[in-house]
Amino acid sequence: MRQWKQAMLAGAVLVAAGAAHAETRLTYKSAKTGTSYYQMAVELAEGVRSATDGQIGMTVEESQGSVQNVMEVRARGGDYVFTAPPSLVAAAQGATGPFEGKGNPNFDEIRALFPIPSLTMHFVMGGSEGPTDLSALEGQRILLGKGSFGASEGQKYLDLFGLTDKVTIADAELSNAGDALTNGQIDGFVTAGSFPAPNVIEAAAGEGVRILSLTDEQVAQTGQARVVIPAEVYPGQAGDIVTTGLPVVAFASTAMDDETAYQLTRAFWTQRDAMAANAPWWDGVSTEQVAELGALHPGAARYYEEAGVAVGE
């Protein structure tokens, strides 16, 4: 009997030890491989693992964009984390825009965790010499890409500023923009991503590029937030660039348990400075943005309350 009790005790200790070191596995879905947001996802996964001593592991999945990320909430569970603009989540919850006729109760359970670097519009032209305002697009072959925020927003700006009939839209994938620019197949491209954007850096490594600026009046016409890309972010960039941007947030649903959401949010902010030291785009994230996130996951809300971070109403 004594030996049996000892064996049972030893087994209980092993089970407890295993539970204490059990890893929580999450899936993080953001963007296509090769984009700045995919690279951020990899950096975030590494940061979370480091901050939690391996207790939370995130598998990064490639995505075709934010609409797909939100759509997948319909079939995903509590281990799903994804990125999207808050306005797109609102559209899903209201069954409007790309979600018209595709409403789902799971959309109402989406909750914010923390902000990530915003989508920043880049209008990139080949060559370091020449006009640096939107007039530089006139008469040029421009690549917009397909199915992304940058593509739809770029087309919107062409329409808004009377440039649609003054440019030729190239039919190619945005992932080929750098090579297409170098080979002379296009004169410029439009992309949305956090700065410094890898595809812009790649394009600048050749014969140089210039990134166009919008006037404050043009920014106001777009209805998007004014964003300044500081001087010297890109090779050959002597001055600040004025453009627009769209907030992006990491979301989960209430299917995620509160403790996991708490630990994930805490891990993000614990690692934010370390990530910024290696990748400057994380410098664009601050706790001041938390007040604009909208409905928070209860676990994330608990972290912000403990940390004394102001949240929205």
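The following exercises, each with a worked solution, concern a predicted model of a single protein chain.

**Exercise 1. The chain as a whole**

Task: State how many helices and strands the chain has, and describe its extent, burial and contacts.

Solution.
Step 1. Secondary structure is counted at the outset: the chain has ten helices and ten strands.
Step 2. For the extent, a box is taken along the principal axes; the C-alpha atoms fill roughly 90 × 40 × 35 Å.
Step 3. Of the 313 residues in the chain, 45% are buried.
Step 4. The chain exposes about 14,900 Å², and carbon and sulfur atoms supply 51% of that area.
Step 5. Among contacts with a separation of 6 or more, 74% join residues 24 or more positions apart.

**Exercise 2. Helix 9 against helix 10**

Task: Determine how the axes of helix 9 and helix 10 are oriented, and which residues make the contact.

Solution.
Step 1. Two packed helices are described by the angle between their axes and by the distance between those axes.
Step 2. Helix 9 covers residues 258–278 and helix 10 covers residues 298–307; their axes come within 6 Å and cross at roughly 50 degrees.
Step 3. Angles of 65 to 115 degrees count as roughly perpendicular and those under 35 degrees as roughly parallel. Helix 9 and helix 10 are therefore oblique to each other.
Step 4. The crossing of these two helices is right-handed.
Step 5. Helix 9 contributes Asp258, Glu259, Ala261, Tyr262, Thr265, Arg266 and Trp269 to the contact, while helix 10 contributes Pro298, Gly299, Ala300, Arg302, Tyr303, Tyr304 and Glu306.
Step 6. Sorted by character, the residues of this contact comprise seven nonpolar, two polar and five charged.

**Exercise 3. Helix 2 against helix 9**

Task: Carry out the analysis for helix 2 and helix 9, and place Ser50 within the result.

Solution.
Step 1. The axes of helix 2 and helix 9 are 8 Å apart, and the helices pack at an angle of about 110 degrees.
Step 2. That angle falls within the range of 65 to 115 degrees, which makes helix 2 roughly perpendicular to helix 9.
Step 3. Helix 2 passes helix 9 in a right-handed crossing.
Step 4. On the side of helix 2 the contact is made by Glu43, Leu44, Gly47, Val48, Ser50 and Ala51; on the side of helix 9 it is made by Leu264, Ala267, Phe268, Thr270, Gln271 and Met275.
Step 5. These residues divide into seven nonpolar, four polar and one charged.
Step 6. Ser50 lies in helix 2 and counts as partly exposed, at 46% relative accessibility.
Step 7. From Ser50 to Ala267 the C-alpha separation is 8.4 Å, although their positions lie 217 residues apart in sequence.

**Exercise 4. Two positive phi values**

Task: Locate Asp53 and Ala95, and decide whether each is buried, partly exposed or exposed.

Solution.
Step 1. Asp53 is a residue other than glycine with a positive phi, near 55 degrees.
Step 2. Asp53 sits in the loop between helix 2 (36–51) and strand 2 (56–61).
Step 3. The cut-off for exposed is over 50%; at 69% relative accessibility, Asp53 therefore counts as exposed.
Step 4. Ala95 also has a positive phi, near 55 degrees, and belongs to the loop between helix 4 (86–94) and strand 4 (110–126).
Step 5. With 30% relative accessibility, Ala95 counts as partly exposed.

**Exercise 5. Ile229, Phe161 and a cis peptide bond**

Task: Describe the surroundings of Ile229 and Phe161, and state the geometry of the peptide bond from Phe195 to Pro196.

Solution.
Step 1. Ile229 is found in strand 9 (residues 225–229) and is buried, with a relative accessible area of 0%.
Step 2. Leaving aside residues up to four places away in sequence, Ile229 touches Thr120, His122, Phe195, Tyr234, Gln237, Gly239, Asp240, Ile241 and Thr243.
Step 3. One of these partners, Phe195, is joined to Pro196 by a cis peptide bond, with omega near 0 degrees.
Step 4. Pro196 is placed in the loop between strand 7 (188–193) and helix 7 (198–204).
Step 5. Phe161 lies in the loop between helix 5 (149–160) and strand 6 (168–170); at 17% relative accessibility, Phe161 counts as buried.
Step 6. With residues up to four places away in sequence again excluded, Phe161 touches Leu134, Gln218, Gln221 and Thr222.
Step 7. Phe161 and Leu134 are 27 residues apart in sequence, and their C-alpha atoms are 8.7 Å apart.

How values were computed:
Residues numbered from 1 in each chain as written. Predicted model: local features only at pLDDT ≥ 70, side-chain atom pairs only at ≥ 80, totals over all residues. Heavy atoms only, no water. Axes fitted to C-alpha atoms, helices over the stretch in contact; angles between N-to-C directions. Helix = DSSP H or I, 4+ residues; strand = E, 2+ residues; numbered from the N terminus. Parallel < 35°, antiparallel > 145°, perpendicular 65-115°, else oblique. Left-handed = near helix turned anticlockwise from the far one by under 90°. Contact = heavy atoms within 4.5 Å. Nonpolar A, V, L, I, M, F, W, Y, C, P; charged D, E, K, R; others polar. Buried < 20%, exposed > 50% of the residue type's maximum accessible area, 1.4 Å probe, protein only. Areas by Shrake-Rupley, 256 points an atom, 1.4 Å probe, with all protein chains shown as cover.
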